[in-house]
Amino acid sequence: MYIVGFVDNSFDLLPDYQTRLSRHGINLLFPDAGKSKPEIVDWVLQNDVRCLMVDHKLRPNFDYVGTDLVAYINSALPDLPCMILTAYQQESLNENLVIKNMIESRDVLDASDLSDFCEELKQAVDVFSKRLDMHEAEYRSLLEAKKKDTISAQQEERFTYLYRILRAYGEVDELPVELLNPNIEKKMDSLIGELSELLTALEKKKDGE
Amino acid sequence: MIPYSGIYIIAKDGFDRSDFRETFGGIKIYRDHFRVRPYGDPKTSNFDWLQLSSRKNRSPAGVSHPQGAWRVRGDQMLGSVYISRVNITLPDQANREGIIETPEFGMLKDFLVGVIQLFERDRQYVCRKLDDLYKRETEAERYREEIERKAKAEAEHTARTDEKGQNPVPVDLMIEASKAQKVIEEKEETIRNLEDENRLLRVLATTGIATNSYIHEFKEQTHRLSMKIVMAKEALEYDKDHEEAIKQLRMADQIRESFTSWFRITVESVRRDKRSLKRVELKAFISQLCDAWNQVLSAKEICISTEYPDNDVIYRCFPYEIEIILNNLITNSATILRDLNGDKKEIRITLLDRQNSIVLDYSDNGPGLASAYKTNPDLILEPFESDKTNDMGEMVGTGMGMWLIKRTVSDYNGIVDLSQNKSESQGFFCKILLPKTV
């Protein structure tokens, strides 16, 4: 089953959307009202949502508009496909936070034939899953480097980020805490020590002159 | 049988009329799409082969002549007559310079003149009517000019004094009362027409404002209706579940009823019977209107509550003008309330029947006017003043709703009182006072 999320202001039609999409192999989930943007991200990760649809008009049940939420999620989860599904297409476009191709009219959900739209959603989920696979491959190589202590500070950050995403989606096993602790401090201490020695040597040389 | 012929009368004020006439003028004959000369050739003796000009000379009356029959001149016509080789009773002359003057050719000419006569009668009918109108209007216009001229002359005359210090107005500067009356009547009719037009434009503007404010609601309701119908269809098609289908159709029916309410508020407000001045029982009228609004606003959890006196409240008015007042107020309140969180979003309308006036006491429990209008709420009654904004803070209101209310109330010599908004921190308050004598 493909898991797709939908953040919407009104809840009365959501069961109908669920029923229709389930006939095409899509499991539609929706978060409760009142969640903040970080809570929405957590909800996405907890529920293994692989494609997200967002309505534009979310007030008063949420404190932001849909394009704001999509922009936030794009920065937190860059690969997650996000789409604005709304009756307020022009308002969404005017905000210039989501590209035009990712803004769709809500009327697509009441079409007689949902096949094309469902295929689009499934393809988006497949793309995201493929990217997760690529991230996993990158993660594994970084894990090896970490175990051999050959990982750089920048790679360490990337490793932590990939682990968080992949773990949330259940793609990787949990790591021991020791492996998660960054060696950045140790590396920084070592670098500062070397720099200090260099400065001392330079001063001595200057004094000697 | 004579095939189709097109005959045109050149417009009197046509552009480059003389050039056009010389090139295209005259009634030409074509046999199998070949010109049959010299009929209709400009500057030839056969140009006016139907002898329209001599016909005109026999009846020279002008086009607006009340009794005489107007005739068109030969040089005012252009047209084409199409015949064929199957018209064997219209044979060509041996020298190929025309058609033999057979009895049938004579009948053709009579027929064409008969057709032209019909056009002449049509044109004369219209021109006579226009002439009557012109005379009526310019008659009043002539009298008005005469009055102005004489008033000016009188003013000059009174500036000069005679040796006794008196200024009797000469008789020739007097105006006959009947002439003055005609001018006054003409002006009054113009004013009445403009007032009626203004009233209709106000109700159309209100309809436009309401439709514009709720365009997204219309789209949303349309989407809901479509969803219920497609769910019912799929319940039968895929699940063979009749009960589910019936349940969805019932919900669709409820949504359909909300459309009826929308039409009641928008389209039906311009119904003809509401545009005549009549005695209206305001309790029932306002109650029906609020019921329609409650149906459409219930989806947004907005409720309109009303309070009426015990007795019937009869008021002589144009019903659609009462709707203008209430529809604009409710549209404004609903737009603000629908985006609010909270348990109870309420609009209150109280009708009061005083000895000399009717009072509509209106309020809502929204955030109230923007701070720019708190100290001077009457500013919101001016055109293009609005505090309605979108999520990005951009002004999206038309600024016309309250102005329409003000114009409508002033027609009844009424008052719009917004003073309570100065002292209240929340909510919008509007008291409309309509004197009973209109």
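1. Start with H33(B), which sits in the loop between β2 and β3 of chain B. Its phi is positive, about 70°, although H33(B) is not a glycine. This is a predicted model, so keep that in mind when you look at the backbone here. As for surroundings, H33(B) is exposed, with 8 other C-beta atoms within 10 Å; that count falls under the cut-off, since 12 or fewer makes a residue exposed.

2. The neighbour is worth a look too. β2(B) and β3(B) form a hairpin with two residues between the strands, and D32(B) in that hairpin also takes a positive phi, near 50°. The two strands pair over two bridges in the antiparallel sense, β3 being residues 34-35 of chain B. If you want a pair to click on, Y30(B) has R35(B) as its bridge partner in β3(B).

3. What does β2(B) pair with in the parallel sense? That would be β4(B): six bridges join β2 (residues 26-31) to β4 (residues 77-83), both in chain B. One of the pairs is G26(B) with L78(B). So β2(B) has a parallel partner in β4(B) and an antiparallel one in β3(B).

4. Just along the chain there is a cis peptide bond between R37(B) and P38(B), with omega about 5°. P38(B) belongs to the loop that runs between β3 and α2 (52-58) of chain B.

5. Chain A has a positive phi to check as well. D48(A) is not a glycine, yet its phi is about 55°. You will find D48(A) in the loop between α2 (37-46) and β3 (51-54) of chain A. Is D48(A) buried, exposed or partly exposed? It comes out partly exposed, with 14 other C-beta atoms within 10 Å.

6. Back to chain B for a helix. α7(B) covers residues 282-297; at 1.5 Å a residue its 16 residues should span 22 Å, and the end C-alpha atoms are 22 Å apart, which agrees. Its buried residues are L282(B), I286(B), L289(B), A292(B), W293(B), V296(B) and L297(B). Looking down the axis of α7(B), these fall within an arc of 130°, so they line one face of the helix. On the face turned away from that buried side are the exposed residues A284(B) and Q288(B).

7. Now the strands at the other end of the numbering. β11(B), residues 428-435, runs antiparallel to β9(B), residues 357-364, with eight bridges joining them. Within β11(B), L433(B) is the residue opposite V359(B). β11(B) is also joined to β10(B), residues 415-417, by three bridges, again antiparallel. There, D417(B) stands opposite K431(B).

8. Some totals for chain B. The secondary structure comes to eleven helices and eleven strands. Of its 438 residues, 24% count as buried. Taking contacts between residues at least 6 apart in sequence, 64% join residues at least 24 apart.

9. Last, the interface. How many residues of chain B are in contact with chain A? There are 16, and they touch 15 residues of chain A. By class, the chain B side has five nonpolar, five polar and six charged residues. If you plan to quote a size, remember that the size of an interface is often given as the accessible area lost when the parts come together. The tally here is one of residues in contact.

Key. Residues numbered from 1 in each chain as written. Chains lettered and ligands numbered in written order. Predicted model: local features only at pLDDT ≥ 70, side-chain atom pairs only at ≥ 80, totals over all residues. Helix = DSSP H or I, 4+ residues; strand = E, 2+ residues; numbered from the N terminus. Buried ≥ 20, exposed ≤ 12 C-beta atoms within 10 Å, placed from the backbone. Contact = placed C-beta atoms within 7 Å. Nonpolar A, V, L, I, M, F, W, Y, C, P; charged D, E, K, R; others polar. Expected span 1.5 Å × (residues − 1). Arc of directions from axis to C-beta. Pairing = 2+ DSSP bridges.
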